[in-house]
Number of protein chains: 2
Amino acid sequence: MPKSAHVERSICPIAVTLDILGDKWTLLVVRDLLLGASRYNDFLEAPENIRTNILADRLKRLEEHGLIHKSAYQARPVRHEYKLTEKGLALRPMIRQIVKWGNEFYPQTYTPPKKGPAKRPSRKTLHGINSQR
Amino acid sequence: MPKSAHVERSICPIAVTLDILGDKWTLLVVRDLLLGASRYNDFLEAPENIRTNILADRLKRLEEHGLIHKSAYQARPVRHEYKLTEKGLALRPMIRQIVKWGNEFYPQTYTPPKKGPAKRPSRKTLHGINSQR
């Protein structure tokens with residue numbers, strides 16, 4: 001289905017959501033944004049080793065769908081940083097349920113601390129733990 | 001990544017979950033199972049027109065990962081039906097959040113009745129509404 005002529009598969013909210021988020025990488029980029037990543041290299045630090053072409057594509061798609069906002073932080077050469085919009089931040093409860101399900105059925109996965117971000121869990125911590133395997 | 005030599009990308013519960021559910025179709029099959037679909041043709045009735053080869057692949061993967069249970073309901077020729085396991089049923093809260101997010105940001109999508117399945121919403125109703133578009 002060409003991006004420019006996107007047609008929704010149905011009026012099912014699950015189908016519409018999967019058209020945007022249904023792949024192996026997009027929600028990992030959203031995860032990193034929630035954990036404070038904003039610049040290109042931040043995302044490349046994640047333990048899943050996302051390829052730069054996949055990262056660029058997913059950031060573009062997230063922007064096109066209004067889940068992130070892009071702004072330049074440097075002029076020559078231009079460099080951008082990315083922030084979740086309200087629509088992107090609203091993915092938090094969904095991601096929380098994904099974490100819960102993953103933790104329940106895959107006990108070897110990392111369990112984030114219960115008392116959610118009084119201090120926000122730093123990416124350093126997350127990626128530190130992730131790379132211990 | 002060959003299925004037989006599956007290696008997890010990280011210990012992140014989101015990555016592990018996306019390795020199983022991160023595509024455009026798997027959660028639609030789970031949706032239909034939650035709505036009462038069990039036999040092959042039930043899934044083909046859904047408005048997204050899943051292709052039979054994709055359906056067969058996703059049912060196989062869901063079974064391999066312990067999210068559904070397959071049993072024969074007919075001998076010659078053998079025909080199977082599918083039911084969600086506890087692990088599959090445990091996806092309900094995640095799917096509920098996906099529906100909520102989809103409904104919030106795509107108001108044209110179908111909103112399921114608030115008072116969840118006192119009587120379980122029939123697939124006929126869902127697909128009837130879906131095909132009105």
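In chain A of this predicted model, residues 24 or more positions apart account for 43% of the contacts with a separation of 6 or more. The chain has 133 residues, of which 33% count as buried.

The elements of chain A can be followed along the sequence. Chain A holds seven helices and two strands. Read from the N terminus, the order is α-α-α-α-β-β-α-α-α, with the two strands placed between four helices and a further three.

These strands form a hairpin. In chain A, β1(A) covers residues 68–74 and β2(A) covers residues 79–84. The two run antiparallel and are joined by six bridges, and four residues lie between them. One position to locate is A:Q74, which stands opposite A:R79 in β2(A).

Chain B may be examined in the same region. There, strand β1 (residues 68–74) pairs with strand β2 (residues 79–84) in the antiparallel sense, again over six bridges. A hairpin with four residues between its strands is formed by β1(B) and β2(B). Within this hairpin, B:A72 has B:H80 of β2(B) as its bridge partner. In a regular strand, side chains alternate between the two faces of the sheet.

The next topic is the meeting of the two chains. In total, 39 residues of chain B are in contact with 39 residues of chain A. On the side of chain B that touches chain A, the elements giving two or more residues are α1 (13–21), α2 (26–34) and α6 (92–105) of chain B. The largest share of that side comes from α6(B), which supplies eleven residues. Sorted by class, this side of chain B has 21 nonpolar, nine polar and nine charged residues.

A single residue shows such contacts in detail. Leaving aside residues up to four places away in sequence, A:I14 touches B:L27, B:L28, B:R31, B:I95, B:I98, B:V99 and B:G102.

A:I14 also appears in the largest nonpolar core, which has 60 residues. The residues with the most contacts inside this core are A:I14, A:L28 and A:V29 from chain A, together with B:I14, B:L28 and B:V29 from chain B. The elements giving two or more residues to the core are α1 (13–21), α2 (26–34), α4 (52–64) and α6 (92–105) of chain A, along with α1, α2, α4 (52–64) and α6 of chain B. Both chains thus contribute helices to this core, and α1, α2 and α6 of chain B are also the elements named for the side that touches chain A.

Key. Residues numbered from 1 in each chain as written. Chains lettered and ligands numbered in written order. Predicted model: local features only at pLDDT ≥ 70, side-chain atom pairs only at ≥ 80, totals over all residues. Pairing = 2+ DSSP bridges. Contact = placed C-beta atoms within 7 Å. Nonpolar A, V, L, I, M, F, W, Y, C, P; charged D, E, K, R; others polar. Core = buried A, V, L, I, M, F, W, Y, C linked by C-beta atoms within 7 Å. Buried ≥ 20, exposed ≤ 12 C-beta atoms within 10 Å, placed from the backbone.
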